[in-house]
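Reader: Hello! I have a model open at the bench, and I would love a close look at one helix in it, followed by a friendly walk through whatever else helps me read the rest.

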Amino acid sequence: MRKINKVAVLGSGIMGSRIACHFANAGVSVLLLDICPAELSPEETAAGLSLNDPAVRNRIVNKAFEATLKANPAALYRKSYASRIRTGNFEDHFHEIADCDWILEAVVERLDVKKSVFEKVERYRKAGALVTTNTSGIPVQLMEEGRSDDFRKHFCGTHFFNPPRYLRLLEIIPGKQTDPDVLRFLEHYGDLFLGKTTVRCKDTPAFIANRIGIFGIMYLFHLVEKLGLTVEEVDKLSGPVLGRPKSATFRTCDVVGLDTLVHVANGLSAGLKDDSLKDYFKLPAYVSRMVENKWLGDKTKQGFYKKVKGEDGKSEILALDLGSLEYRPQKKSRFATLEQTKNIDDLALRMPVLLAGKDQAGAFYRATFSGLFRYVSERIPEIADEVYRIDAAMEAGFGWEKGPFESWDLLGVEGFCQVMEKEGMKAAPWVYEMLAAGCPAFYKTENGKKYYYDIPSKSYRLIPGQDAYVILPTIRSSKTVWSNSGCNIIDLGDDVLCCEFKTKMNTIGGEVVQGVNKAIDLAEAGFRGLVIGNEGANFSAGANLAMVFMMAIEQEWDEIDMAIRMFQRMNMRVRYSSIPVVVAPFGLSLGGGCEMTLHADKVQAHAELYTGMVEFGVGLIPGGGGTKEFALRLSDSFRDGDIEINALRERFLTIGQAKVSTSAAEAYDLGILRPGLDEVSLNKTRLLADAKKAVLELSEAGYTAPQVRKDIRVLGKSGLGIVWVGANSMLSGHYISEHDQLISQKLGYILCGGDLSAPTLVSEQYLLDLEREAFLSLCGEKKTLERIQSILNTGKALRN
């Protein structure tokens, strides 16, 4: 029954301010406090202020908070959420923590400072209030010394990863007397309300993710010297090709700050006792030199990379030569092993090829994974008792697609143990015992459930908490009822189907259109409803531009016309089928993906939703019903009392400026999500389960298919004149090109229902026909084809 209505965050530094913002994202009232300044700034002195002025006393917290609000990427889902956070200082406002349900400490990483803060917290907190520390490595048991029983019962570590909005890991570290109910509550709250993957850790140095992640980086630092690889080569080898972030290794160090990495590594090097590989935490000579030179990364404008301007004024990013410690132009990194994997999208199929490579890349992977696998196997039971906790921490905290034990399974546990031995490494004894017990892998899936190898019992046990989620990979093989090259249709249970896309970047082409139609056919024949969603990196990057480009180049106008008609009909079926259809977008949901979302009976979106109709940017207008849908919603807003021309302008600019939301909250502001109907899941892992629940709720409420609309009020010439005047003015002012003017006119023509002499009621089909004609005509424009070609070339260059 515990509720969190108000949170106090003590310390407004980079982490404190961003944690405060994320609580505000969750709808919580936040009190953000920090120390008072010891002396006046020159500006304050010049203004005649004293240390007693409120503006001075709150200067530290207010400056930190203002810097966070200006940060990119944004810490808040919506700028207005900043009003949920009130700032103050430790001397004047500390007593206000008495009203708070959760007090989170995020001050400097010094034990004496933290203990001093907790002593003050104890004087003011109400009995039963949660108190947690955001420490990244100081033992929790040392911080709770001297505190009351009630304090210690409600105290533990809650380690957020930076930036808290975007990195999903929340490590929960129990103290010696932490109430188990408190730990369960924090795990649940972090999952449901903060969107986190919550992982319970032991109170050991650097906990789980940083212990493993920092080891991996430091091990690689030493390996680079041995293999003679360059900075660029390592980042090419250790990024997306392994299912890891684009920043890979050295670029990540520059972003995080080499000083931060070195601080943690030095602490581990000095503090670890029973760690057979602790020498790898010692700094290589080149890293020590970089720290001495203050080449710490982005914060000092140079680290492993350095951005400079050439004589021609163009920017260039140089790379550090680790031997000479001089910056030089980047070199192209080419490896035969990587060339072999270019067309292998599935990481499970790609990794064995990488590890079998006969070149320097293969040697790098064998050495890297040998060290990593030995290290993680030896850390059990020191930092965790179960393998799944380590995998979950690395996936959520460091952005790995597969954790170390899952990766080991992909390569074959027994076979890679032999590789490790050839590399001079050996797995922990329990791994060999597992194999001897007839258990060939760390995980197995049975009947749609995932099990992990339990070391004490030498058997498989169910990973707890799965019932709250829909996890497609665990049920795909046994529950797929139909599939083609672009879609799987999966039975989610309870008579609900899921249509899962599986094209590159989940783009929408003929195979996806066929799959969605088939899913609706099956659902109408014998199921309660349909979820359209997937577990890829993004929901959908939109229509298949390459297909449109090729048909336009060949002047296959009938084929393009048919493709548009099929896409429009599919989206109309999403809206008007006899069963409820819930679309579950997340990440990128652009162009056609956004148009599909607009036609759902209900949208269950992830909080991190980057959606919009971006067709204008490639010289087109939304042709899958998106423009029609905006005209329909525009008409409904007239009924709600909106000023017609102002409402038309907003809808026109949303498409005409190719606006994309930076969160689900902003998608409401753009008119893509509907207040009171569409909902948001903060935890992406819960998204499909929430969407399935929404289908069942619609079904149980007696879902009836809506009627096709024939009452859409369009403004005709009265609105069209405003659009044309605006486009002409923008052209005259050299803000847009003649081609942009043409697209603007065609977009306005659809939104206004054509050149009707007066406001008129029209049907959806009437608008769809206008939309299709405009799309088709723009496909024949030379400038449109040039824009599409440029985007396709850019995408190809990025992949290479």
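Author: Happy to help; what follows starts with one helix and then moves on to strands, loops and two single residues. Please keep in mind that this is a predicted model.

Let us begin with helix α30, which spans residues 717-732. This helix has 16 residues, and the distance from its first C-alpha to its last is 22 Å, close to the 22 Å expected at 1.5 Å a residue. Which residues of α30 are buried? They are G719, L720, V723 and A727. These four lie on the same side of α30, because they cover an arc of only 100° around the axis. If you turn to the face directed away from that buried side, you will find the exposed residues V725 and S732. As for what lies over the buried residues of α30, the cover includes α27 (644-656) and α31 (738-751).

Just past this helix, have a look at H734. This residue follows α30 and sits in the loop between α30 and α31. Its phi is positive, about 65°, although H734 is not a glycine. Is H734 buried or exposed? H734 counts as exposed, because its relative accessibility is 72%, and the cut-off for that label is over 50%.

There is another backbone angle of this kind to visit. M505 is not a glycine either, yet it has a positive phi of about 55°. You will find M505 in the loop between β17 (496-501) and α22 (510-526).

While we are on loops, two prolines deserve a stop. I380 and P381 are joined by a cis peptide bond, with omega about 10°. P381 has its place in the loop between α16 (360-378) and α17 (387-398). The other stop is the peptide bond from N162 to P163, which is also cis, with omega near 0°. P163 belongs to the loop between β6 and β7, and that loop brings us to the strands.

Strand β6 covers residues 155-160 and pairs with β7 in the antiparallel sense, over five bridges. To place this pairing on your screen, find G157 and look across to its bridge partner in β7, I173. Strand β7 itself runs over residues 169-174 and is mostly covered, with five of its six residues buried. What does β7 pair with in the parallel sense? That partner is strand β8 (residues 197-200), joined to β7 by four bridges. Here L170 stands opposite T198 in β8. Between β7 and β8 the chain passes through helix α8 (residues 180-192), and this β-α-β crossover is right-handed.

Now travel back to the start of the chain for another group of strands. Strand β2 (residues 29-34) has five of its six residues buried, so it is largely enclosed by the rest of the structure. Strand β1 (residues 6-10) pairs with β2 in the parallel sense, over five bridges. One of the places to see this is V7, whose bridge partner in β2 is V30. The chain gets from β1 to β2 through helix α1 (residues 14-25), and this β-α-β crossover is right-handed. β2 is also joined to strand β3 (residues 85-89), which runs parallel to it, again over five bridges. For a landmark there, L31 stands opposite R86 in β3.

Two single residues round off the walk. T474 is in helix α21 (residues 472-479). Why is T474 classed as buried? T474 gets that label because its relative accessible area is 7%, and buried means under 20%. The side chain of T474 reaches the backbone oxygen of I471 at 2.7 Å. A polar atom of that side chain also lies 3.3 Å from the backbone oxygen of G448. Leaving aside residues up to four places away in sequence, T474 touches T445, G448 and K450.

V419, the other residue, is in helix α19 (residues 413-422). With a relative accessibility of 23%, V419 counts as partly exposed. Not counting residues up to four places away in sequence, V419 touches R366 and S370. E433 is 14 residues from V419 along the chain, and the C-alpha atoms of these two are separated by 18 Å.

Technical notes
Residues are numbered from 1 along each chain as its sequence is written. This is a predicted model: local features need pLDDT of at least 70, side-chain atom pairs count only at pLDDT 80 or more; totals for chains, interfaces and linings use all residues. Side-chain values use heavy atoms; hydrogens and water are left out. Buried means under 20% relative accessible area, exposed over 50%, partly exposed in between (1.4 Å probe, protein chains only). Two strands pair if DSSP finds at least two bridges between them. A crossover is right-handed if, with the strands pointing away from the viewer, the path from the first strand over the helix to the second runs clockwise. The expected span of a helix is 1.5 Å times one less than its number of residues. The arc is that of the directions from the helix axis to the C-beta atoms. Contact means heavy atoms within 4.5 Å. A polar contact is a pair of N or O atoms within 3.5 Å; within protein, one must be able to donate a hydrogen and the other to accept it, and residues adjacent in sequence count only if both atoms are side-chain atoms.
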